Amino acid sequence: MEFSMVCNKLSWEEKSIIDAAKSKDVKVKIILNSNYFANLEKDNVPTEIVLQRSLSFVRGLYITAILDHFGHTVINSYKTSDICGNKLLTTLTLLKAGIPTPKAYCAFTEESALEALNELGYPAVIKPVIGSWGRMVALLKDQDFAKAILEEREVMGDVFQKIYYLQEYIFKPPRNMKQYLRRDKVSRDFRVFTIGDEVVAAMGRHELEGDWRSTATRGARTESLHITPEIEELAIKAAKVVEGEILGLDIMEGEELMVNEINHVSGFQALASSTGIDIGGRIVDYLMEKMKK
Amino acid sequence: MKATCPECYFEFEIDDDVMLGEVIECGDCGIELEVINIQENVAVLQKAESEEEDWGE
């Protein structure tokens with residue numbers, strides 16, 4: 001058995017997948033997207049199944065489009081990648097399916113964004129529609145700060161940074177009694193990892209020191225999370241709606257559980273470390289089942 | 001396996017089972033380096049790609 005894996009580099013995640021494949025006698029053809037090129041009339045990837053692990057969203061999306069064109073089974077698909085890689089499309093997809101997600105607005109100029117924020121209310125969160133790891137995500141505490149951020153983006157931002165995706169800020173729930181007695185902090189959000197129609201692992205993430213964001217890749221504290229039936233149901237439903245096969249879902253607890261974002265090339269080093277689950281191995285198992293079909 | 005940092009020319013040893021595409025750190029200047037070729041027990045390195053604005057999950 002053999003599958004291909006497209007990536008920018010061999011990070012911890014890719015190495016764990018390679019090690020797992022080796023232990024299961026599965027070959028992996030590594031395709032570095034920096035070296036990859038394609039004659040658009042002639043396929044040059046030898047395996048049917050391709051795991052897309054590109055950190056670069058744009059490269060990954062277009063390579064997936066090419067591979068899809070040639071009939072490969074790419075995980076995740078072009079459709080899933082396109083939706084999950086774009087916060088506006090993710091929100092629209094979730095809303096259409098009736099899946100709880102933070103209230104969001106979208107505007108295209110500084111003036112209309114300020115009007116949108118007046119309706120949405122402060123505090124609010126501004127995010128680039130395409131982006132990850134908390135980059136250029138800002139907490140707009142009031143109109144003055146919003147004006148400053150928007151002005152900066154109007155002057156210095158590229159085309160995508162001038163699409164103003166604005167989201168309500170979700171306040172964390174109060175601590176429950178157990179957390180109170182243990183003096184635990186309430187986690188900012190949860191990262192839930194799904195493979196197929198199964199929740200494989202989940203962790204709570206806390207805000208970075210001196211920051212309001214909780215990006216694990218940037219060093220946010222994480223802890224294993226008990227997967228409740230509610231979290232499981234929400235995660236699987238959201239994964240199905242975006243037709244994702246291997247996903248990292250960001251779920252928040254406000255007045256209800258809601259899906260904030262969905263990651264189609266999810267990191268899982270922190271998750272594996274927090275939970276002790278061999279996520280790389282589970283991914284390979286899933287790919288092996290697909291190869292058998 | 002021998003390797004030489006293309007930035008500071010520091011020569012150092014890396015694991016024999018290193019793979020193409022793997023990112024390692026120069027033992028002297030600390031820069032991130034990508035393994036782009038392996039020839040006769042010598043790893044060829046180049047400066048690893050920096051995080052771009054569309055990188056992530």
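Visitor: How many helices and strands are there in chain A?
Guide: The model is predicted. For chain A, the secondary structure comes to 10 helices and 13 strands.

Visitor: What is the radius of gyration of chain A, and why does it agree with a compact globule?
Guide: Chain A spans about 55 × 50 × 35 Å along its principal axes, taken over the C-alpha trace. A compact globule with 293 residues would have a radius of gyration near 19 Å, and the value for chain A agrees with that: 20 Å.

Visitor: Into which domains is chain A divided, and what separates the centres of domain 1 and domain 2?
Guide: The division gives domain 1 (2–84), domain 2 (103–168) and domain 3 (173–277). Between the centres of domain 1 and domain 2 of chain A, taken over C-alpha atoms, the separation is 33 Å.

Visitor: At what angle do the axes of helix H1 and helix H10 of chain A cross, and which class of crossing does that make?
Guide: Helix H1 of chain A covers residues 12–23, and helix H10 of chain A covers residues 279–292. Their axes come within 8 Å and cross at roughly 60°. Angles of 65 to 115 degrees count as roughly perpendicular and those under 35 as roughly parallel. The crossing falls in neither class, which makes H1(A) to H10(A) oblique.

Visitor: Is the crossing of H1(A) and H10(A) left-handed or right-handed, and which residues meet there?
Guide: H1(A) passes H10(A) in a right-handed crossing. From H1(A) come A:Glu13, A:Ser16, A:Ile17, A:Asp19, A:Ala20 and A:Ala21. The residues of this contact divide into five nonpolar, three polar and two charged. On the side of H10(A), the partners are A:Gly280, A:Gly281, A:Ile283 and A:Val284.

Visitor: What pattern does chain B follow along the sequence?
Guide: Chain B has zero helices and five strands. Its C-alpha atoms fill a box of roughly 35 × 20 × 15 Å along the principal axes. Read along the sequence, the pattern is β-β-β-β-β.

Visitor: How many residues does each chain give to the contact, and which elements of chain A give two or more?
Guide: Chain A gives 21 residues and chain B gives 14 residues. On the side of chain A that touches chain B, the elements giving two or more residues are strand S2 (27–32) and helix H2 (57–69).

Visitor: How do the residues on the side of chain A that touches chain B divide by character?
Guide: This side belongs to a contact that takes 21 residues from chain A. Those residues divide into 10 nonpolar, nine polar and two charged.

Conventions
Residues are numbered from 1 along each chain as its sequence is written. Chains are lettered from A and ligands numbered from 1 in the order in which they are written. This is a predicted model: local features need pLDDT of at least 70, side-chain atom pairs count only at pLDDT 80 or more; totals for chains, interfaces and linings use all residues. Two residues are in contact if their C-beta atoms, placed from the backbone, lie within 7 Å. Helices (H or I, at least four residues) and strands (E, at least two) are DSSP runs, numbered from the N terminus. Ala, Val, Leu, Ile, Met, Phe, Trp, Tyr, Cys and Pro count as nonpolar, Asp, Glu, Lys and Arg as charged, and the others, Gly among them, as polar. Domain bounds come from an automatic or database domain assignment. Axes are lines fitted to C-alpha atoms, for helices over the stretch in contact, and angles run from 0 to 180 degrees between N-to-C directions. Angles under 35 degrees count as roughly parallel, over 145 as roughly antiparallel, 65 to 115 as roughly perpendicular and the rest as oblique. A crossing is left-handed if the near helix is turned anticlockwise from the far one by less than a right angle, and right-handed if clockwise. The radius of gyration is taken over C-alpha atoms; the globule rule is 2.2 Å times the number of residues to the power 0.38.
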